[in-house]
Amino acid sequence: MQIFLDTANLKEVEEAVKYGFCDGVTTNPSLIAKEGLDYNDTLKKIAQMVNGPVSAETVALDAGGMLGEGRAFAKLHKNIIVKVPLTKEGLLACQFLTKEGIRVNVTLCFSANQALMAAKAGAFIISPFVGRLDDIGQTGMELIREIRHIYDNYEYQTKILVASVRHPVHVKESAMIGADIATLPYKVWEQLFTHPLTDAGIQKFLDDWKKVPKKR
Ligand code: G3P
């Protein structure tokens with residue numbers, strides 16, 4: 001499973017790339033607003049740092065507007081792929097952009113039928129939001145299971161990207177179900193490497209090492 005970072009923070013991307021666990025990045029208007037930087041400049045910098053897709057989200061509501069924004073994003077860097085919302089207009093824009101050779105990430109997916117339509121529109125990536133479904137008392141991971149099943153039934157090549165990830169259990173379940181990608185907030189990315197027993201084990205080895213007689 002590929003691991004993406006869900007961020008527009010350059011330092012976070014730099015850190016994940018340094019350790020070799022950053023297969024791509026997803027951004028959105030909320031994440032870029034948090035950084036207070038120019039969107040295009042930030043996208044270009046991230047795209048230069050990462051060897052993989054970097055999603056840039058359109059804000060127009062009509063297909064024509066999304067096409068204009070999407071084409072401009074795609075010109076910024078070869079790694080940039082265009083994010084459009086899962087609406088009829090978004091899926092229309094997805095079909096046009098895909099025909100032009102621009103890869104599309106269809107976002108804000110909350111149902112299996114929406115994911116089916118995105119695959120039929122030729123989406124490169126579908127982004128179901130598991131955390132936001134959990135927030136309203138539904139089971140986000142169940143949606144991932146349903147989409148995996150449907151895509152496998154018909155051999156759709158659209159990649160399932162698990163978004164709105166809130167904790168490491170979402171990541172483990174994504175991998176067990178067979179999602180293609182999970183995009184993680186930096187905090188969750190860091191949590192993937194840690195376990196209290198690992199820390200305790202290191203401490204014990206270090207303490208015992210002090211007791212080993214050393215030749216002078
Ligand atoms: O990038 C989209 C998605 O991951 C947002 O997550 O936490 O705002 O629901 P969240």
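## Tyr156 and its ring partners

At 23% relative accessibility, Tyr156 counts as partly exposed in this predicted model, because the partly exposed class begins where the buried one ends, at 20%. The ring of Tyr156 pairs with that of Tyr154: the centres are 6.1 Å apart and the planes stand at 45°, so this pair is tilted. Tyr154 has a relative accessibility of 57% and therefore counts as exposed.

Tyr156 also pairs with Tyr151. The structure holds 7 aromatic pairs. In the pair of Tyr151 and Tyr156, the ring centres lie 5.8 Å apart and the planes meet at 75°, so the arrangement is edge-to-face. An angle over 60 degrees is what places a pair in that class. Tyr151 is buried, at 1% relative accessible area. Tyr156 thus takes part in an edge-to-face pair with Tyr151 and in a tilted pair with Tyr154.

## Other ring contacts

A cluster linked by ring pairs is made up of Phe21, Tyr186, Trp189 and Phe193.

Two charged side chains are placed over rings. The charged end of Lys214 sits over the ring of Trp209, at 4.5 Å from the ring centre. Arg103 lies over the face of Phe124, and here the distance to the ring centre is 5.0 Å.

## The chain as a whole

The chain has 216 residues, of which 45% count as buried. Its secondary structure consists of 11 helices and 8 strands. Taken along the principal axes, the C-alpha atoms fill a box of roughly 75 × 40 × 30 Å.

Among contacts in the chain with a separation of 6 or more, 57% are accounted for by residues 24 or more positions apart.

## The largest pocket

The largest pocket has a volume of about 320 Å³. It is lined by 25 residues, and those closest to the pocket centre are Asp6, Asn28, Leu31, Arg132 and Pro185. By type, the lining divides into 8 nonpolar, 10 polar and 7 charged residues.

Helix H2 (29-35) and strand E5 (104-109) each supply at least two residues of this lining. H2 gives the most, with 4 residues.

## Positive phi at Leu108 and Ser164

Leu108 lies in strand E5, one of the elements that supply residues to the lining of the largest pocket. Leu108 is not a glycine, yet its phi is positive, at about 60°. At 32% relative accessibility, Leu108 counts as partly exposed.

Ser164 also has a positive phi of about 60° without being a glycine. Ser164 is placed in the loop between strand E7 (159-162) and helix H9. With a relative accessible area of 10%, Ser164 is buried.

## Ala179

Ala179 is found in the loop that runs between helix H9 (168-177) and strand E8 (181-184). Helix H9 is therefore flanked by the loop of Ser164 and by that of Ala179, and the reason both residues count as buried is a relative accessible area under 20%. For Ala179 the value is 7%.

Leaving aside residues up to four places away in sequence, Ala179 touches Met1, Ile144, Arg148, Ile160, Val162 and Ser174. Ala179 and Val104 are 75 residues apart along the chain, and their C-alpha atoms are separated by 17 Å.

## Gly90

Gly90 is part of helix H5, which spans residues 88-99. Its relative accessible area is 0%, so Gly90 is buried. When residues up to four places away in sequence are not counted, Gly90 touches Met66, Val84 and Pro85.

Val104 again serves as a reference point: Gly90 and Val104 are 14 residues apart in sequence, with a C-alpha to C-alpha distance of 9.9 Å.

Key: Residues are numbered from 1 along each chain as its sequence is written. This is a predicted model: local features need pLDDT of at least 70, side-chain atom pairs count only at pLDDT 80 or more; totals for chains, interfaces and linings use all residues. Side-chain values use heavy atoms; hydrogens and water are left out. Rings of Phe, Tyr and Trp (its six-membered ring) pair if their centres lie within 6.5 Å; planes under 30 degrees apart count as stacked, over 60 as edge-to-face and the rest as tilted. Buried means under 20% relative accessible area, exposed over 50%, partly exposed in between (1.4 Å probe, protein chains only). A charge sits over a ring if NZ of Lys or CZ of Arg is within 6 Å of the ring centre and within 35 degrees of the ring normal. Contact means heavy atoms within 4.5 Å. On a 1 Å grid over the protein atoms alone, a cavity is a set of points where a 1.4 Å probe fits but cannot get out, and a pocket is an open set with protein on both sides within 12 Å along at least five of seven lines; lining residues have an atom within 4 Å of a point. Grid points are joined across faces, edges and corners, and a volume is the space filled by probe spheres set on the points. Ala, Val, Leu, Ile, Met, Phe, Trp, Tyr, Cys and Pro count as nonpolar, Asp, Glu, Lys and Arg as charged, and the others, Gly among them, as polar.
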